[in-house]
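Me: Let's go through this structure together. I will ask short questions, and I want each reply to end on the value or name I asked for.

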Amino acid sequence: MTAPTRTTGRDSAPLGGRRRLTYFHGQLLSAQDLRQEQTYFRARHRLHNLALHGHGVAYGLWTRPVPPPSGHCPDPERAAPWLEVTDGLALDRVGDEVIVGRDARPRFDLWSLLDDHERIRAEEDIRRGAEGITVYLTIHHCEQPVDNVRAVHTEGCEGVPHLAYAHIREGFALRATTREPDPEPCDPPHPDTPRCGDDRGYESSADCGDGRVLGPGLLLARVERVRPDRPLHARQVHPEVRRPLSRRPPTVITSIGWPHGDRLTTRQARRLLGTDGVRIRFSRRVRTDTLRDPGVADLFQITGGHGVHGTVLRLETRIDVGGSGGTTGTAEGTAEGGHETTDLITIRQTDSEYLNDGDRILLVLRTPFVLDVCGDPVDGTHVGGLVPRPGGPIAHRTGLLPPDGSGPRTSGTGQGGAGVFESWIFIDNKRPRPPNEDARDTAGDDAGDADDGEGEGDGYAGDASGSDGEGRT
């Protein structure tokens, strides 16, 4: 019997893989060798960026409209959708840096960035009565050969020394399209993605015929109601759609169907909890099978007002997918990986517990148990209680910006899978009635307040379904 041969690290090295140059005295190096050396280290650098940092916007690159000039003689060319991009840094989807310096700050007519076919279609839509079009602005890493020089030495039988570019200039390019981008994949792409062209349709190989090489685009903003003859306003520009720098951005809660911490009358709360339901929308689709486990979502009634205080009652609830009353057993949405998914759920009360003046209704959604389409838990930490209502105003506090500096607040700390989502409202039958409250609610509150003044609320059949209301208050 012979002892097994021990292999060294060099003997067990893979036969394939990348190659790099080794140097020795008297070696003849060609231009091809040096180009391969650059390719090797650039590929390692891209892989490092994607594997450790991911892709997206690291800082800056804010998009904002340029106001038209004021005065009696405005420039007619500025009566157009002009935008500017601030300085910043991003990593694209193949690991290249996209850098806009402080001295750059490009200003451009957004309409002029569309290609000819999209402009023609958009103008036809506007002539048919459309208010405007939605445009998606992207930024790309761009490389272009510069500094044309004549070689001092020829190879082989070449006669006259030929001209060649001495340097590659790295910069950025801005593009716009009316085509909605595809959802971001769960995992970052491999850095060996073809360099010319974009799999989202923002670029095609024909755009590289002038020597430039454009990397895949990063979405900077969605601009709504764009017209060629009107300037833009800040409310039309939505930079919150861009991707923050990360390997996999956590799924967060983007809206909740009640105003956090607000005061509702008994009748309003009954309709909200039982009929309309509390809608919760996610930034990415989640798997409905992770919502079926009992205890994932709870509504608690904490008694207050006159009499006994602090008693906690758990209200019976169910989770519906979407706003149409369909249960998770018949989840709507697309099947991904064998699981049904959705980006909207509705939590409804199904029992007839009284809601009394002074009570607090506490919603708890245990988001670490809710998995998104990538298998990651939802980041549900309700930071500052500023997640807005669906279609409601942006929940900002004076002097407090959202985590990414723009757009509405969401849940989450950016670390992924952190915390449990909690939110609450109070039952207050003595609050001032808003002037726009409809007549049905006014009549109902008058009748309900007469009973609720004694500390009791009206029971109701909380299993009513079929309404897709937004939980109006």
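Me: What is the mean pLDDT of the protein?
Reply: This is a predicted model. Of its residues, 71% reach a pLDDT of 70 or more. The mean for the protein is 77.

Me: In which element is confidence highest, and in which is it lowest?
Reply: Strand E20 has the highest confidence, at 95. The lowest mean, 38, belongs to residues 335–336. That element is strand E18.

Me: How many contacts does the model have for residues 194–208, beyond near neighbours in sequence?
Reply: The pLDDT is below 50 over residues 194–208. Beyond near neighbours in sequence, the model still gives this stretch a count of contacts, and that count is 38.

Me: Over which residues does pLDDT stay under 50 while the model has 34 contacts beyond four places in sequence?
Reply: The 34 contacts reach beyond four places in sequence. The pLDDT of the stretch that makes them stays under 50. The stretch is residues 324–338.

Me: Which residues touch the most other members of the largest nonpolar core?
Reply: The largest nonpolar core has 29 residues. Those touching the most other members are Trp258, Ile280 and Leu365.

Me: Which element supplies the largest share of this core?
Reply: Several elements supply at least two residues each, among them strand E12 (253–256), helix H3 (266–276), strand E14 (278–287) and strand E21 (421–427). The largest share is 4 residues. It comes from E14.

Me: Which residues is Trp258 in contact with, leaving aside its neighbours within four places in sequence?
Reply: Trp258 is in contact with Leu272, Leu273 and Val278. Its partners also include Leu299, Ile361, Leu363 and Arg389. The list is completed by Ser423, Trp424 and Ile425.

Me: How many residues are in the second, separate core?
Reply: Val57, Phe108, Ile139 and Val237 are included in this second core. Its residue count is 26.

Me: Is H3 largely enclosed or not, and how many of its residues are buried?
Reply: Buried residues in H3 include Thr266, Gln268, Leu272, Leu273 and Asp276. Arg270 and Arg271 are buried too. H3 is largely enclosed by the rest of the structure, because its buried residues number 9 of the 11.

Me: Which residue follows H3, and what is its phi?
Reply: H3 is followed by Gly277. The phi of Gly277 is positive, near 85°.

Me: Where is Leu61, and what is its phi?
Reply: Leu61 lies in the loop between strand E1 (56–60) and strand E2 (63–65). Leu61 counts as buried, because its relative accessibility is 0%. Its phi is positive, in a residue other than glycine, and near 60°.

Me: In which strand does Arg225 lie, and what is its phi?
Reply: Arg225 is in strand E10 (residues 218–226). At 32% relative accessibility, Arg225 is partly exposed. Its phi is also positive, near 55°.

Me: How far apart in sequence are the parts tied together by Asp428 and Arg263?
Reply: The side chains of Asp428 and Arg263 form a salt bridge at 4.0 Å, N to O. Asp428 is in the loop between E21 and helix H4 (439–452), and Arg263 is in strand E13 (residues 263–264), so the parts tied together are 165 residues apart.

Me: Is Asp298 buried or exposed?
Reply: Asp298 and Arg366 meet in a salt bridge of 2.9 Å, N to O. Asp298 is in strand E15, and Arg366 is in the loop between E20 and E21. Arg366 is partly exposed, at 23%. Asp298, with a relative accessible area of 7%, is buried.

Me: What is the N to O distance between Arg128 and Asp125?
Reply: Arg128 is exposed, at 63% relative accessibility. Asp125 is partly exposed, at 32%. Their side chains meet in a salt bridge of 2.5 Å.

Me: Which residues are linked in a network of salt bridges?
Reply: The count of salt bridges comes to 26. The network links Arg42, Arg46, Asp96, Glu143 and Glu170.

Me: Which residues make the nonpolar surface patch of about 300 Å²?
Reply: One member, Leu34, is in helix H1 (residues 31–53). Leu34 is partly exposed, because its relative accessible area is 46%. The patch is made by Tyr23, Leu29 and Leu34.

Notes
Residues are numbered from 1 along each chain as its sequence is written. This is a predicted model: local features need pLDDT of at least 70, side-chain atom pairs count only at pLDDT 80 or more; totals for chains, interfaces and linings use all residues. Side-chain values use heavy atoms; hydrogens and water are left out. Patches are made of residues with over 30% relative accessible area and no salt bridge: like charges are joined within 9 Å, nonpolar side chains (Val, Leu, Ile, Met, Phe, Trp, Tyr) within 5 Å. Accessible areas come from the Shrake-Rupley method with a 1.4 Å probe; for residues, only the protein chains shown count as cover. Buried means under 20% relative accessible area, exposed over 50%, partly exposed in between (1.4 Å probe, protein chains only). A nonpolar core is a set of buried Ala, Val, Leu, Ile, Met, Phe, Trp, Tyr and Cys residues joined through side-chain atoms within 4.5 Å. Contact means heavy atoms within 4.5 Å. pLDDT is the predictor's confidence in each residue, from 0 to 100.
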